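I opened the model to go through its fold, its cores, its charged pairs and its backbone angles. The entries below are in the order in which I looked things up.

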Amino acid sequence: MHSSRGVATRWVVLVIALTVLSVIVPYFIWHTNWFGNPLTDAQIQHDLTHTDQPRSTQHALSQIADHIIRGDKSVTRWYPDVARLATCPIPQIRETAAWVMGQDNTAPRFHETLLGMLDDSEPLVRMNAALALVRFHDASGHAIIVKMLAGEPLLAPKDGKLKRVLDVGQGVATDTVVARILTGKTDVEVLAGAPGSLAQWRAADGATVAAGQPIAVLSPSSQMV
């Protein structure tokens, strides 16, 4: 009898613990990834300087954008740091920096920096820079915007056999694996460069493709449009 009660008690405790965790863990994840938490000036400066925690740096950049939108003139003290992050090796930080620079179309340094970002290696950085330049009445990124709306072609990174991973119509996030190229030695992943969906395949599953050959087209997400 005592044993049965002990087992029942342990089950009750386990259920309660799992219920609590199901609430606490999602909240913790949301809280740590939410950019609405206010940061002190010291925290912003620290996170702009130390980019080993990309989400923290993006949070600081988001706070700077909020300052700009509110018309806080003191925010200009961080402008050199924002412009410097245009060359950060972490793409997500460059993407956010480009977006922030578009919030103040009176800053000549931002304008100049954004022009240089049109040649960035990452599609989302180029897109954000092109869109930000529109705020400066600068159409230098016109071709990038048109290409974004038309759909981003995915190119085979290596010669090999195409292995499809997704079906047409499936949504993708940045760095989602869309396909693999089987080279005989290693499998090379083909990743989405921006959020959207798989619009069409340009090569058949199992087909032999050459490096640089278009194999699929991604349409932009509604948010990007």
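**Entry 1: an odd backbone angle.** I began with histidine 137, which sits in the loop between H7 and H8. The model is a predicted one. The phi angle of histidine 137 is near 60°, a positive value in a residue other than glycine. I then looked up its accessibility: histidine 137 is exposed, with a relative accessible area of 78%.

I found another case at aspartate 175, where phi is near 75°, again positive in a residue other than glycine. Aspartate 175 belongs to the loop between strand E3 (171–172) and E4. Its relative accessible area is 46%, so I noted aspartate 175 as partly exposed.

**Entry 2: overall counts.** I listed eight helices and eight strands for the protein. The chain has 225 residues, and 39% of them count as buried. For the surface I noted about 12900 Å² exposed, with 59% supplied by carbon and sulfur atoms. I also checked the contacts between residues at least 6 apart in sequence: 55% of these join residues at least 24 apart.

**Entry 3: the main core.** Which residues have the most contacts inside the largest nonpolar core? I noted Leu48, Leu61, Ile64, Met101, Leu114 and Met117, in a core of 37 residues. The elements that give two or more residues to this core are helix H2 (41–49), H3, helix H4 (79–84), helix H5 (91–101), helix H6 (108–117), helix H7 (123–134) and helix H8 (142–150). H7 gives the largest share, seven residues.

There is a second, separate core of 17 residues, and Leu154, Ala156, Ile181 and Ile215 are among them. As background, nonpolar side chains tend to be buried together in soluble globular proteins.

I looked up the contacts of one residue of the largest core. Leaving aside residues up to four places away in sequence, methionine 117 touches Ala86, Arg94, Ala98, Met101, Val125, Arg126 and Ala129.

**Entry 4: threonine 57.** Threonine 57 is placed in helix H3 (residues 54–70). Is threonine 57 buried or exposed? Its relative accessibility is 0%, so threonine 57 counts as buried. With residues up to four places away in sequence left out, threonine 57 touches Asp47, Leu48, His50, Thr51, Leu85 and Ile93.

**Entry 5: charged pairs.** I counted four salt bridges and wrote up three pairs.

- Arginine 94 and aspartate 120 form a salt bridge, with the closest N and O atoms 2.7 Å apart. Arginine 94 is in helix H5 and aspartate 120 in the loop between H6 and H7, so this pair ties together parts that are 26 residues apart in sequence. Both arginine 94 and aspartate 120 are buried.
- Arginine 84 forms a salt bridge with aspartate 81, and here the closest N and O atoms are 3.3 Å apart. Both residues lie in helix H4, three residues apart, about one turn of the helix. Arginine 84 is partly exposed at a relative accessible area of 37%, whereas aspartate 81, at 14% relative accessibility, counts as buried.
- Arginine 180 forms a salt bridge with glutamate 189, the closest N and O atoms being 3.9 Å apart. Arginine 180 is partly exposed, with a relative accessible area of 30%. Glutamate 189 is also partly exposed, at 42%.

**Entry 6: the strands.** I traced an open sheet of four strands in the order E5-E4-E2-E7, with antiparallel pairing. Strand E5 (187–191) and strand E7 (208–209) stand at the edges with a single partner strand each, so one side of each has no neighbour in the sheet. Five bridges pair strand E4 (residues 177–182) with E5 in the antiparallel sense. In this pairing, isoleucine 181 stands opposite valine 188 in E5.

I then looked up E1. Four bridges join E1 to strand E8 (residues 214–220), and the two run antiparallel. Proline 153 stands opposite valine 217 in E8.

Which side chains of strand E1 (residues 152–155) point to the buried face? Glu152 and Leu154 point to one face and are buried, while Pro153 and Leu155 point to the other and are not. Leu154 had already come up as a residue of the second core.

Methods
Residues are numbered from 1 along each chain as its sequence is written. This is a predicted model: local features need pLDDT of at least 70, side-chain atom pairs count only at pLDDT 80 or more; totals for chains, interfaces and linings use all residues. Side-chain values use heavy atoms; hydrogens and water are left out. Two strands pair if DSSP finds at least two bridges between them. Buried means under 20% relative accessible area, exposed over 50%, partly exposed in between (1.4 Å probe, protein chains only). Contact means heavy atoms within 4.5 Å. Accessible areas come from the Shrake-Rupley method with a 1.4 Å probe; for residues, only the protein chains shown count as cover. A nonpolar core is a set of buried Ala, Val, Leu, Ile, Met, Phe, Trp, Tyr and Cys residues joined through side-chain atoms within 4.5 Å. A salt bridge is a side-chain nitrogen of Lys or Arg within 4 Å of a carboxyl oxygen of Asp or Glu.
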